Amino acid sequence: MGRMSGPHVIRGAVSLPEAELMWRFSRSSGPGGQHVNTTDSQVELRFDLAKTEALPPVWKERALERLAPRLVGGVVSVRSSEHRSQWRNRETALVRMAALLAEATGPPPKPRRAKKIPRGINERRLRNKKARSETKRGRSGGGWD
């Protein structure tokens, strides 16, 4: 089997600390083949976000705020069961956790600046509206008596 491909980088030089990852394995539901329904191939990866020292304080604060609905006692968890192999599910769970933390610790988006609508766009809209109005007005009147 060997070691897992790692370290799983969150962003920059910050990566998921192997010692702080908690793994749980259970039987996967769904289709499989011989042997798959008797092995613990579903993986649940848990990471204690509230207690970790691996993240810079600013990132940790951001992640706690953004992931608040997903946290249970300060712990964020990710499940993976799409592969028949526990090993591949572990890899998938690690990648998902790293991606989730990367997104949650990222800088806030730049504020949207309101911009003035160009005059040409407004004039074109009004011209089209007028033309449509003329077309519809031309339909009524029914001079077919």
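What share of the 145 residues in the protein chain is made up of buried residues? In this predicted model, buried residues make up 29% of the chain. The accessible surface of the protein chain comes to about 10,800 Å², and carbon and sulfur atoms supply 52% of that area.

The confidence of the prediction varies along the chain. The mean pLDDT of the protein chain is 82, and 83% of the residues score at least 70. Among the elements, helix α3 (residues 119–139) has the highest mean pLDDT, at 94, while strand β1 (residues 9–11) has the lowest, at 74.

Three helices and five strands were assigned in the protein chain. Read from the N terminus, the order of these elements is β-β-β-β-α-β-α-α. Of the contacts with a separation of 6 or more, 66% are between residues 24 or more positions apart.

The largest nonpolar core holds 23 residues, of which L16, F47, L49, L67, M97 and L101 touch the most other members. Two or more residues of this core come from each of β4 (42–48), α1 (57–66), β5 (75–80) and α2. Helix α2 gives the most, with eight residues. For L101, the contacts beyond four places in sequence are with I10, L16, F47, L49 and L67. Four of the partners named for L101, namely L16, F47, L49 and L67, also appear among the core residues that touch the most other members.

Helix α2 covers residues 86–105. Its 20 residues reach 28 Å from the first C-alpha to the last, close to the 28 Å expected at 1.5 Å a residue. The N-terminal end of α2 is capped by S85, with a side-chain oxygen 3.2 Å from the backbone nitrogen of W87.

Several residues of α2 were examined individually. N89 lies in this helix and has a relative accessibility of 0%, so N89 counts as buried. A polar atom of the N89 side chain lies 3.4 Å from the backbone nitrogen of E82. Leaving aside neighbours within four places in sequence, N89 is in contact with S41, Q42, V43, S80, S81, E82 and H83.

T92 is also located in α2. Its relative accessibility is 19%, and T92 therefore counts as buried, the cut-off being under 20%. The side chain of T92 reaches the backbone oxygen of R88 at 2.8 Å. Beyond four places in sequence, T92 touches S80, E82 and H83; these three residues are also listed among the contacts of N89.

A104 is a further residue of α2. With a relative accessibility of 4%, A104 counts as buried. Outside the range of four places in sequence, A104 touches R62, A63, R66 and L67. Of these partners, L67 is also in contact with L101. The C-alpha atoms of A104 and K60 are 8.9 Å apart in space, with the two residues 44 apart in sequence.

A19 provides an example from a loop, the one between β2 (14–15) and β3 (21–26). At 80% relative accessibility, A19 counts as exposed, since the cut-off for this class is over 50%. A distance of 10.0 Å separates the C-alpha atoms of A19 and F47, which are 28 residues apart along the chain. F47 is one of the residues that touch the most other members of the largest nonpolar core.

The length of helix α3 was also compared with expectation. Because each residue contributes 1.5 Å, the 21 residues of α3 should span 30 Å; the C-alpha atoms at its ends are 31 Å apart, which agrees. Just after α3, G141 takes a positive phi of about 105°.

Notes. Residues are numbered from 1 along each chain as its sequence is written. Side-chain values use heavy atoms; hydrogens and water are left out. pLDDT is the predictor's confidence in each residue, from 0 to 100. Helices (H or I, at least four residues) and strands (E, at least two) are DSSP runs, numbered from the N terminus. The expected span of a helix is 1.5 Å times one less than its number of residues. Buried means under 20% relative accessible area, exposed over 50%, partly exposed in between (1.4 Å probe, protein chains only). Contact means heavy atoms within 4.5 Å. A polar contact is a pair of N or O atoms within 3.5 Å; within protein, one must be able to donate a hydrogen and the other to accept it, and residues adjacent in sequence count only if both atoms are side-chain atoms. Accessible areas come from the Shrake-Rupley method with a 1.4 Å probe; for residues, only the protein chains shown count as cover. A nonpolar core is a set of buried Ala, Val, Leu, Ile, Met, Phe, Trp, Tyr and Cys residues joined through side-chain atoms within 4.5 Å.
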